[in-house]
Amino acid sequence: MRTIHVSLQEAEDSIGKVDARVLVCDVLGVDRAFLATHPFHILTETQDARIDMLVAQRLLGQPVAYLVGKREFYGRDFEVDGNVLIPRPDTETLVEAALKRMPATACSVLDLGTGSGAIAITLACERAEARATAVDKSAGALAVARANAERLAPGRVEFLEGSWFAPVAGRRFDLVVANPPYVAAKDPHLGQGDLRFEPPGALTDGSADGLDSIRAIVAGAREHLNPGGWLLLEHGYDQSETARALFEAAGLREFASIPDLAGIQRVAAGRAA
Ligand SMILES: C[S@@+](CC[C@H](N)C(=O)[O-])C[C@H]1O[C@@H](n2cnc3c(N)ncnc32)[C@H](O)[C@@H]1O
């Protein structure tokens with residue numbers, strides 16, 4: 001039977017320190033401090049076997065978030081599985097930009113392509129007055145998002161299945177936010193790292209430049225925004241200028257391009273007249 005120290009050392013040698021600690025903590029149901037303060041704690045046979053199994057899956061490339069079934073986003077744990085994109089720290093830039101533009105009074109928010117529900121649920125949690133609607137074309141993703149909402153913001157988010165604005169025909173919102181697929185169809189990154197395991201339809205819309213979803217959302221935004229309402233979109237590292245042109249062509253004003261923590265232009269914002 002192995003101790004925490006031995007098990008951790010073996011896992012670290014295979015998959016590196018950070019991933020090893022996350023997996024061992026998850027199996028034992030403890031935090032990182034426990035690993036440091038209980039090195040001679042003996043694992044049960046089941047724990048031992050489970051750690052070996054998770055390390056083997058990680059070695060095959062499975063993302064850690066899928067192995068432990070969760071990822072932290074904006075200070076909250078979101079359940080994730082292979083039906084949803086793993087929420088990225090970059091997307092917190094979109095959340096911050098949205099919070100800055102949300103009216104302090106009661107307001108309506110639409111999150112297009114909600115995936116795990118990370119954006120819609122975070123905005124609902126951060127603003128008690130907001131009513132959030134979340135759309136995704138994937139039924140599997142919506143099941144995950146609903147479970148997250150049930151735990152983090154019960155009764156606060158409406159979920160609808162369909163393509164972009166189709167499920168909200170005739171409705172208007174104070175804020176429309178989206179982190180749509182924006183990777184070009186032939187981008188080699190799609191075949192590398194964690195991306196190999198995420199739903200392809202969450203990463204790319206299959207268009208040569210990856211911008212078809214952004215084009216569709218920008219084109220439909222004015223018909224679904226209240227006067228003065230904002231559209232905020234996450235986009236790829238090299239898509240800021242195209243986003244600006246699309247926002248202007250769609251008659252959205254006060255265009256702003258917002259950098260992520262690495263200083264890369266990552267979020268486009270524009271306002272309905
Ligand atoms: C990049 S993921 C974003 C997930 C989540 N909002 C986040 O930021 O972590 C894009 C999401 O858009 C959804 N999607 C793709 N095409 C769609 C469409 N035509 N209509 C609605 N949702 C779509 C995918 O299923 C996926 O959940």
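Two strands are taken as paired when DSSP finds at least two bridges between them. In this predicted model, strand S4 (130–136) and strand S5 (residues 157–161) meet that condition, pairing in the parallel sense over five bridges. Within this pairing, Ala132 has Val157 of S5 as its bridge partner, and Val135 stands opposite Leu160, also in S5.

S4 has a second partner. Strand S3 (residues 107–112) runs parallel to S4 and is joined to it by six bridges, with Cys107 standing opposite Ala130. As for its surroundings, S4 is mostly covered, since six of its seven residues are buried.

Helices link these strands. S3, H7 and S4 make a right-handed β-α-β unit, and S4, H8 and S5 make a right-handed β-α-β unit as well. How enclosed is the helix of the former unit, H7, by the rest of the structure? Helix H7 is largely enclosed, because seven of its nine residues are buried. The buried residues of H7 are Ala118, Ile119, Ala120, Ile121, Thr122, Leu123 and Ala124.

The helix of the other unit, H8, spans residues 139–152 and includes Ala149. Ala149 has 24 C-beta neighbours inside 10 Å and therefore counts as buried, the cut-off for that class being 20 or more. Leaving aside residues up to four places away in sequence, Ala149 touches Gly117, Ile121, Pro154, Arg156 and Val157. Two of these names have already appeared: Ile121 is one of the buried residues of H7, and Val157 is the bridge partner of Ala132. A longer reach along the chain gives a wider view: Ala149 and Leu211 are 62 residues apart in sequence, and their C-alpha atoms are separated by 29 Å.

The ligand comes next, and elements from this part of the chain return here. A shell of 22 residues surrounds the ligand, and the closest are Gly113, Gly115, Lys137, Asn179 and Ala202. Helix H7 (118–126), strand S4 (130–136) and helix H9 (200–203) each supply at least two residues of that shell. What is the make-up of the shell by class? Nonpolar residues number 10, polar residues also number 10, and two residues are charged.

Further along the chain, the strands pair in the antiparallel sense. Strand S8 (residues 253–259) and strand S9 (residues 265–271) run antiparallel and are joined by five bridges; Ile258 stands opposite Val267 in S9. Together S8 and S9 form a hairpin with five residues between them, and in the turn Gly263 has a positive phi of about 85°. Ahead of this hairpin comes helix H11 (residues 240–249), where Ala245 lies. Ala245 counts as exposed because it has 11 C-beta neighbours inside 10 Å. From Ala245 to Phe255 there are 10 residues in sequence and 9.7 Å in space, C-alpha to C-alpha.

Positive phi values also turn up away from glycine. Most residues other than glycine have a negative phi, which makes two loop residues worth a look. Tyr74, although not a glycine, has a positive phi of about 50°, and its place is in the loop between strand S1 (70–73) and strand S2 (76–79). Trp164 is likewise not a glycine and has a positive phi of about 40°; this residue lies in the loop between S5 and strand S6 (173–178). Are these two residues buried or partly exposed? Tyr74 is partly exposed, because 19 other C-beta atoms lie within 10 Å, whereas Trp164 counts as buried because it has 22 C-beta neighbours inside 10 Å.

At the level of the whole chain, there are two domains, domain 1 (4–60) and domain 2 (83–271). The C-alpha centres of domain 1 and domain 2 lie 36 Å apart. A residue from the N-terminal part of the chain completes the picture: Val30 is found in the loop between helix H2 (17–28) and helix H3 (32–37). Val30 counts as partly exposed because it has 15 C-beta neighbours inside 10 Å. Not counting residues up to four places away in sequence, Val30 touches Cys25 and Leu35.

Terms used. Residues numbered from 1 in each chain as written. Predicted model: local features only at pLDDT ≥ 70, side-chain atom pairs only at ≥ 80, totals over all residues. Helix = DSSP H or I, 4+ residues; strand = E, 2+ residues; numbered from the N terminus. Buried ≥ 20, exposed ≤ 12 C-beta atoms within 10 Å, placed from the backbone. Contact = placed C-beta atoms within 7 Å. Domains from an automatic or database assignment. Near = placed C-beta within 6 Å. Nonpolar A, V, L, I, M, F, W, Y, C, P; charged D, E, K, R; others polar. Right-handed = clockwise from strand over helix to strand, strands pointing away.
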